[in-house]
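Reader: I should like to learn how the features of a protein model are read. Please take me through them in order.

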Amino acid sequence: MHLPDRRAARCDIRDPERVADVFDAAQAAFGLPDVLVNNAAANFPSPAEDLSPNAWRAVVDITLTGTWFMTREFGRRHLAAGTGGSIVNIGASYAWTGGPGFAHSAAAKAGVKSLVETLAVEWGPYGIQINGLVPGLFPHGDMSEDIRGGLERAAPDAKDARQPALRVGAPRELGWAATFLASPYARFVTGHTLVVDGANWQRRSVVNPEVVPVRTQLGRGPFTPSP
């Protein structure tokens, strides 16, 4: 079986010049890419009042601005070439619901979702489709310490029992969804954000649980303004 050529290039997606460089490298090696998957993001839990300006910028610049620079470069090259393409932006369900403890990331992901909906209309006439893909809980080897710690603090089987499907996702299931969105089978699907989480984000309790402030959940003491 012949395996396709695989190559990698480093890129700081916050820098539009580096973004152009990495597209140049990809185009020189393989031709103009047909598919772009924007997966880069930054995140960490924090009470909103504790977020410094640099912390806010770090997450928003990577998650939203970086996604925009990559998307813009892909779109401009296809518009200039008169060709179509497919973009898949990785999102988060708190783009709809808000994300207490993750104000920076939730705001950025809401922006990513809005880009999907906006650009689907703007670029649809040129054959460029753009969709979002929201993963649920898919345990994997390179999870961040924050996510891993949250799972480890739960009871051994709680991560499954707390999902409506009574299980977590397998990485291949997310891959299948991404492949569909980028494939010819989804050519008439654009401006849509697909949530792949076993309906976990839609779960509601019959009786609301007691409200626990974010600071308490994160083990933070009372807020003290910086000098």
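Author: Let us begin with the idea of a cavity: a set of grid points where a 1.4 Å probe fits but cannot get out. Please note that the model before us is predicted.

Reader: How many cavities of 30 Å³ or more does the structure hold?

Author: The structure holds one such cavity. The largest cavity has a volume of about 50 Å³.

Reader: Which residues line the largest cavity?

Author: Lining residues have an atom within 4 Å of a cavity point. Here the lining consists of Asn-89, Gly-91, Ala-92, Ala-95, Lys-109, Val-112, Lys-113, Val-116, Gly-132, Leu-133, Val-134 and Thr-193. By class, six of these residues are nonpolar, four are polar and two are charged.

Reader: Which element gives the most to the lining of the largest cavity?

Author: Helix H4 does, with four residues. Both H4 and strand E3 (128-135) supply at least two residues each.

Reader: I should now like to turn to helix packing. At what angle do H2 and H4 pack?

Author: Helix H2 (residues 53-81) and helix H4 (residues 103-123) pack at an angle of about 15°, and their axes lie 8 Å apart. Angles under 35 degrees count as roughly parallel. H2 and H4 are therefore roughly parallel to each other. Their crossing is right-handed.

Reader: Which residues of H2 and H4 meet?

Author: On the H2 side, the residues include Trp-56, Val-60, Leu-64, Trp-68 and Leu-79. On the H4 side, they include Ala-108, Val-112, Leu-115, Leu-119 and Trp-123. The contact of H2 with H4 has 14 nonpolar, seven polar and two charged residues. Val-112 also belongs to the lining of the largest cavity.

Reader: How are H1 and H2 placed, roughly parallel or oblique to each other?

Author: Helix H1 (residues 16-30) and H2 pack at an angle of about 50°, with 10 Å between their axes. This angle is not under 35 degrees, nor does it fall within 65 to 115 or over 145. H1 and H2 are therefore oblique to each other. H1 passes H2 in a right-handed crossing.

Reader: Which residues make this contact between H1 and H2?

Author: H1 contributes Pro-16, Val-19, Ala-20, Phe-23, Asp-24 and Gln-27, while H2 contributes Phe-69, Met-70, Glu-73, Phe-74 and Arg-77. Sorted by class, the contact has seven nonpolar residues, one polar residue and three charged residues.

Note on methods. Residues numbered from 1 in each chain as written. Predicted model: local features only at pLDDT ≥ 70, side-chain atom pairs only at ≥ 80, totals over all residues. Heavy atoms only, no water. Axes fitted to C-alpha atoms, helices over the stretch in contact; angles between N-to-C directions. Left-handed = near helix turned anticlockwise from the far one by under 90°. Contact = heavy atoms within 4.5 Å. Nonpolar A, V, L, I, M, F, W, Y, C, P; charged D, E, K, R; others polar. 1 Å grid on protein atoms, 1.4 Å probe; cavity = no way out; pocket = protein on both sides within 12 Å on 5 of 7 lines; lining within 4 Å. Points joined across faces, edges and corners; volume = space filled by probe spheres on them.
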